[in-house]
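User: I would like to go through this model step by step and understand what each description rests on.

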Amino acid sequence: MSIIQILFYLLSGLAVFAALMVLLSKNPVHSVLWLIVVFFAISGHYILLNAQFLAIVNLIVYAGAIMVLFLFVIMLMNLNAATEPNQHIWMKLAGVIAGGCFLVMLVSLASQAGDMANKTVLMKEGNIGLIKELGKILFNEFVIPFELTSVLFLSAMVGAVVLGKKDNTQ
Amino acid sequence: MNAIIFSALWGVVMMFSGIATQNRKTITGLSILGLVLLLGINCLHAYGIWVIKMDTKGAMHFDSIGLFFNAIAFFATLLYVVLSGKDIENTGVHAAEYYALIFFVLTGVSILTAFNGLLMLFLGIEIMTIPLYILTGADKRNLKSNEASLKYFLMGSFSTGIMLMGIALIYGATGKFGIAGGVSLAPSTGLSVRPSFLEVGGMILLFVSMCFKVSAAPFHFWTPDVYDGAPAVFTSFMATIVKSAGFFAFIKLFDAHTAVLGDSWNILLPFVILITLLIGNITAVFQQSVKRMLAYSSIAQAGFMLFALYGNNDLAKEGILLYAFSYSLATIGIFAVLIKLKDYSLDGFNGLATEYPFLAFSTTICLLSLAGIPLTGGFFAKYYMLSSAIKAGGIFWLVIAAVLLAAVSVYYYFRVIQAMYFKTGAPSFNQPITKAFQWALFGVAVMIILLGLFPTLLLNFFYF
């Protein structure tokens, strides 16, 4: 086993474990902190896939900005284990059944997949994740979607103003 | 490209119109002008007279059916603004912004009718739904509106996450965003070339999230609350134009992909159709509020539109155009009346016919069309859907079930008619019913009847 494969298994194990801990922690703040660990592990995978830019963006945007926002919201709302709503047993059962069906589907699909066997990393293969390539693709092949995204942001901005502005006249 | 660019630009124009003028009539007039121009520019594209050409690198493909659907959506929006423009103005203080958001939604609709890849599908769906989250919460002082908006936002974001996961899996399997279905990059080691497990899983996730967007059961739970909580004017918009556009995208997306799913598709889809029809129709029977009843009825209508997905032939494509148009007309008509009423419950309609017989007549036509009574547009819409499914074969039992459930739907639509004609009462209105409004609604009723007599009138435009 090469060093890369060891890293791969280490990061995968860490990601799965941290993801489980997100769900299992009683304290929402701990969940958020575990989520940050998940993002770090995923960023590690990106680096293994030779996508450094994506790895850094993932850290800055998700682990940095969004998780801080999450923490703020949780602390502002003062959520803790005691205020967790008591869910109905049938709700839990329905959730387990639905999630279980999805798991069975994914596992059965994965077990049929010959094309996924023995594939772990793409270290030093391809340069698609590098920032130079990303820029080229973004402004050549995907320039139309890129420009149209501006409409999306514009409408979100209009929305934020509409919802956030004080109605003085009413 | 014409419609996409123009609708986005006019959205910006509407935004700035709020600075230039505080007169709400002017703003509504400006948006009507914009919609007429948009319709014209789209027709110029459809007939090839003036086309903004742009190298989209295969991200988009403009075909006549998509452009024609655009025309239907823009025309329905035009009718909607003409009928309910006053109510949009009175929902809050930001009339110009609401119109801007409506134009952005139309940008999303025109992307969805032309997408040629999953990336554009995603962008189209998001551009279409994000303004809706805001329009749902437009009535800021109303707690129900706030709740509906938040609920819609959270659940919508969740289903978007599922869609993204599906897109990621499909991209992983095929290495491209195309919707052509293509052979997988890495075929499995089996004897024959079979789609990669990632692609199958991705398609199922896409199916789930699209079902959510068009409110097909079992992913319909948000619909009644959101449609009920949102200001009625915007419910009307959401339940008609946006929903039909979602269906159009759904059918376009799965057009070439049903082969990937193989036999499981023939189990999955009939199941979804059946429970959508069942839940929509049966629950609608028990509703006391007409607004909520229309929300369930829109689920039931979604069940019918899903037949086009099953049929997946020329008849289905003609049918979805017809269905989108007749359903939008009828629902916009009923909502236009409902918005004016103070009381949204069934009793609110009591005695409408004695006070405004002309108005009640037009409303009755709309309700009959939704129920699918012959001589109205709704009949042929349902007829096309069911015959496309029969032509595709295999689910005759489901067609019979659909006809039976359509009969159930007659019951709850007729309860409104009964309230209007056979019960006494004095309906109270938020706004005076003007002559112009009555004639506009009558115009809608005439269109519905024309569609019911000559459905080819609409379809001939398509083949022109």
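User: How many helices and strands make up the secondary structure of chain B?

Analyst: In this predicted model, the secondary structure of chain B comes to 19 helices and zero strands.

User: What makes the radius of gyration of chain B agree with that of a compact globule?

Analyst: For 464 residues the globule rule gives a radius of gyration near 23 Å, and chain B has 21 Å, so the value agrees with a compact globule. Buried residues make up 59% of chain B, and of its contacts with a separation of 6 or more, 81% join residues 24 or more positions apart.

User: How do you know what span to expect of helix H17 of chain B?

Analyst: The expectation rests on 1.5 Å a residue, which for the 27 residues of H17(B), 396-422, gives 39 Å; the helix reaches 38 Å from its first C-alpha to its last, close to that figure. H17(B) nevertheless has a kink of about 25 degrees, centred on B:Phe414.

User: Why are residues such as B:Leu398 and B:Tyr412 in H17(B) called buried?

Analyst: A residue is called buried because 20 or more other C-beta atoms lie within 10 Å of its own, and B:Leu398 and B:Tyr412 are among the residues of H17(B) in that class, as are B:Ala402, B:Ala406 and B:Val416. The cover over the buried residues of this helix includes H11, H12, H14, H15 and H16 of chain B.

User: Which residues does the contact between the chains take?

Analyst: The contact takes 24 residues from chain A and 34 from chain B. On the side of chain A, H6(A) gives the largest share, twelve residues, and by class that side has 14 nonpolar, seven polar and three charged residues.

Technical notes. Residues numbered from 1 in each chain as written. Chains lettered and ligands numbered in written order. Predicted model: local features only at pLDDT ≥ 70, side-chain atom pairs only at ≥ 80, totals over all residues. Helix = DSSP H or I, 4+ residues; strand = E, 2+ residues; numbered from the N terminus. Rg over C-alpha atoms; globule rule 2.2 N^0.38 Å. Buried ≥ 20, exposed ≤ 12 C-beta atoms within 10 Å, placed from the backbone. Contact = placed C-beta atoms within 7 Å. Expected span 1.5 Å × (residues − 1). Bend = angle between axes of the 7 residues up to and from the residue. Nonpolar A, V, L, I, M, F, W, Y, C, P; charged D, E, K, R; others polar.
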